[in-house]
Amino acid sequence: MDKVDPQTLLKKGAEASLFLKSWHGRKVIVKTRFPKRYRPTELDAKIRSYRTAHEPQLMHEAKRAGVPTPTIFLVDTKNAAITMEFVEGKQLKQVLPHIPRKEQQELCAEIGVLIGKMHRSGVVHGDLTTSNMILTEEGKIFLVDFGLGEKNREVEARGVDLHLMKRALQSTHYQFAEDCFKHVLKGYASVLGEDAEKVFEKIREIERRGRYVDERKQAN
Ligand SMILES: Nc1ncnc2c1ncn2[C@@H]1O[C@H](COP(=O)(O)OP(=O)(O)O)[C@@H](O)[C@H]1O
Ligand SMILES: [Mg+2]
């Protein structure tokens, strides 16, 4: 009988499963995208293979830009599996509510710095939530889950990325979302300088559009 590697299922998401494994003496995460039955088989294989190749590329670009991301060890497009460094730490989502305001603000500013570096390198993340950020013992923040990300330098894409972060903060950390987002923007501006202002204007525009749509819905 084949020897089966011991592995622990960490998470079964909508698109992928994450396993914690021991691999050549180190702890790794294997992220596997499983087939979706509702998609024609061939198309499904193509989509999974594309995303499996694409996500590590973006993580690599972000890392090169100075954003901590898990080191990629193996990309298996045929089986839609990515083997990467297991980042030991806690999701920021779990940490933020339990620390003093001052520390929250510092972490939020650091998140903004990381998003700024990532955007400056031409990557947008696509799912900036505090679940996709891991805080290590040494106080480093790692970004994970680039599955919805893309290479995009447009102001619109950057604005949407940050606006989604704001919405995520509001739904997960409504008690301090506003203050936290303010510090995210502060960190972001410290990296992007004048370019940040264009992105902030875009966020305001996105919010105006949202309000307009809401008003139209209520009027009908
Ligand atoms: N390399 C990693 N090291 C440690 N934890 C990870 C790693 N990658 C993902 N995680 C944890 O697992 C969760 C789910 O992984 P993620 O890539 O976000 O999958 P999904 O696309 O299902 O959201 C993340 O929110 C994060 O907390
Ligand atoms: Mg995720």
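This is a tour of a predicted model, moving from the ligand to the strands around it and then to a second sheet, a helix and a loop.

**Stop 1: ligand 1**

Select ligand 1 and the residues around it. The shell has 20 residues, and the closest are Gly13, Pro70, Val87, Val144 and Asp145. Coloured by class, the shell shows ten nonpolar, five polar and five charged residues. Now colour by domain: domain 1 (7-85) and domain 2 (90-219) each give at least three residues to this shell. Among the strands, β1 (7-12), β2 (16-23), β3 (26-33) and β5 (81-85) each contribute two residues or more. The next stops take up these strands.

**Stop 2: β1 and β2**

Select 7-12, which is β1. How many of its six residues are buried? The count is zero, and β1 is hardly covered. Add 16-23 to bring in β2. β1 and β2 run antiparallel and are joined by five bridges. To find the register, pick Thr8, which has Leu20 of β2 opposite. The connection between β1 and β2 is a hairpin with three residues in the link.

**Stop 3: β2, β3 and His24**

Extend the selection to 26-33, the residues of β3. β2 and β3 are antiparallel, with eight bridges between them. Leu18 can serve as a marker here, since Lys31 of β3 stands opposite.

Zoom in on the loop between β2 and β3, where His24 lies. This hairpin has two residues between its strands. What is the sign of phi at His24, which is not a glycine? The phi of His24 is positive, about 50°. For context, most residues other than glycine have a negative phi. His24 counts as exposed because it has 6 C-beta neighbours inside 10 Å, and the cut-off for exposed is 12 or fewer.

**Stop 4: β3, β5 and β4**

Select 81-85, which is β5. β3 and β5 run antiparallel and share five bridges. In this pair, Val30 stands opposite Thr83 of β5.

Then add 72-76, the residues of β4. β4 pairs with β5 in the antiparallel sense over four bridges, with Val75 opposite Ile82 of β5. The two strands form a hairpin with four residues between them.

Ala80 lies in the loop between β4 and β5. Ala80 is not a glycine, yet its phi is positive, about 50°. Is Ala80 buried or exposed? With 23 C-beta neighbours inside 10 Å, Ala80 counts as buried, the cut-off being 20 or more. His24, by contrast, counts as exposed.

**Stop 5: the sheet of β6, β8 and β9**

Select 90-91, 133-135 and 141-143 together; these are β6, β8 and β9. They make an open sheet of three strands in the order β6-β8-β9, paired antiparallel. β6 and β9 stand at the edges with a single partner strand each, so each has one side without a neighbour in the sheet.

Hide β9 for a moment to look at the other pair. β6 and β8 are antiparallel and are linked by two bridges. Lys90 has Leu135 in β8 as its bridge partner.

**Stop 6: helix α5**

Select 177-192, helix α5, and check its length. At 1.5 Å a residue its 16 residues should span 22 Å, and the end C-alpha atoms are indeed 22 Å apart. Next, highlight the buried residues of α5: Cys180, Phe181, Val184, Leu185, Gly187, Tyr188 and Leu192. Turn the view so that you look down the axis of α5. Its buried residues fall within an arc of 165°, so they line one face of the helix. The spacing rule behind such a pattern is general: an α-helix has 3.6 residues a turn, so residues three or four places apart point the same way.

**Stop 7: Arg153**

Finish at Arg153, in the loop between β10 (150-151) and α4 (155-172). Arg153 is exposed, having 12 other C-beta atoms within 10 Å. Draw a distance from its C-alpha to that of Glu137. How far apart in space are Arg153 and Glu137? They are 33 Å apart, C-alpha to C-alpha, and 16 residues apart in sequence.

Terms used:
Residues are numbered from 1 along each chain as its sequence is written. Chains are lettered from A and ligands numbered from 1 in the order in which they are written. This is a predicted model: local features need pLDDT of at least 70, side-chain atom pairs count only at pLDDT 80 or more; totals for chains, interfaces and linings use all residues. A residue is near a molecule or strand if its C-beta atom, placed from the backbone, lies within 6 Å of it. Ala, Val, Leu, Ile, Met, Phe, Trp, Tyr, Cys and Pro count as nonpolar, Asp, Glu, Lys and Arg as charged, and the others, Gly among them, as polar. Domain bounds come from an automatic or database domain assignment. Two strands pair if DSSP finds at least two bridges between them. The expected span of a helix is 1.5 Å times one less than its number of residues. The arc is that of the directions from the helix axis to the C-beta atoms.
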